[in-house]
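Student: I'm new to this structure. Could you take me through a close look at one part, the largest pocket, and what goes with it?

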Amino acid sequence: MAKQIFINLAVKDLQKAMAFYTALGFTNNPQFSDDSGKCMVWSEHIYVMILTHDKFSTFATKEIADTKSKLAGLFSLSMDSLDDVNRCLENGLKAGG
């Protein structure tokens with residue numbers, strides 16, 4: 001079995017978060033998506049699960065962090081060039097990041 005990474009993130013607005021990750025270059029896998037969570041694909045081995053607070057809470061035993069005032073993590077994406085990094089950054093900022 002191939003090793004894969006699934007990053008799970010609690011989001012307040014699922015559709016806005018999906019639009020943001022789509023702007024960064026992720027695609028949605030509808031097979032693992034519903035009204036409470038979306039599976040966003042970066043590569044065949046890396047996925048970001050964006051989940052409503054209600055859905056995320058079913059997996060967590062601690063309070064969800066308010067990321068407007070607290071840091072919840074640092075995540076990095078590999079890119080082929082500096083131009084790709086700059087384009088991703090610009091798209092992310094335009095999408096509300």
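Tutor: Here is a walk through the pocket, then the nonpolar cores, then a salt bridge. Keep in mind that this is a predicted model.

Let's start with the pocket. The largest one has a volume of about 1,600 Å³. Its lining counts 44 residues, and closest to the centre are Leu9, Phe20, Tyr21, Thr67 and Phe75. Strand E1 (5–11), helix H1 (14–24), strand E4 (46–52), helix H2 (53–57) and helix H3 (82–94) each bring at least two residues to that lining. Sort the lining by character and you get 27 nonpolar residues, nine polar ones and eight charged ones.

Now for the cores. The largest nonpolar core is made of 12 residues, including Leu9, Tyr21, Met18, Met40, Ile50 and Cys88. E1, H1 and E4 are the elements that put in two or more residues each, and H1 gives the most, with five. Take Met18: looking past its neighbours within four places in sequence, you'll find it touching Asn28, Lys38, Met40 and Ile50. Apart from this core lies another one of six residues, among them Cys39, Val41, Leu51 and Phe56.

Last stop, helix H3. Searching the whole structure turns up one salt bridge, and it joins the side chains of Asp84 and Arg87 at 2.7 Å, N to O. Because these two sit three residues apart in helix H3, about one helical turn separates Asp84 from Arg87. Asp84 has 23% relative accessibility, so it counts as partly exposed. Arg87, at 46%, counts as partly exposed too.

Key. Residues numbered from 1 in each chain as written. Predicted model: local features only at pLDDT ≥ 70, side-chain atom pairs only at ≥ 80, totals over all residues. Heavy atoms only, no water. 1 Å grid on protein atoms, 1.4 Å probe; cavity = no way out; pocket = protein on both sides within 12 Å on 5 of 7 lines; lining within 4 Å. Points joined across faces, edges and corners; volume = space filled by probe spheres on them. Helix = DSSP H or I, 4+ residues; strand = E, 2+ residues; numbered from the N terminus. Nonpolar A, V, L, I, M, F, W, Y, C, P; charged D, E, K, R; others polar. Core = buried A, V, L, I, M, F, W, Y, C linked by side-chain atoms within 4.5 Å. Buried < 20%, exposed > 50% of the residue type's maximum accessible area, 1.4 Å probe, protein only. Contact = heavy atoms within 4.5 Å. Salt bridge = Lys/Arg side-chain N within 4 Å of Asp/Glu carboxyl O.
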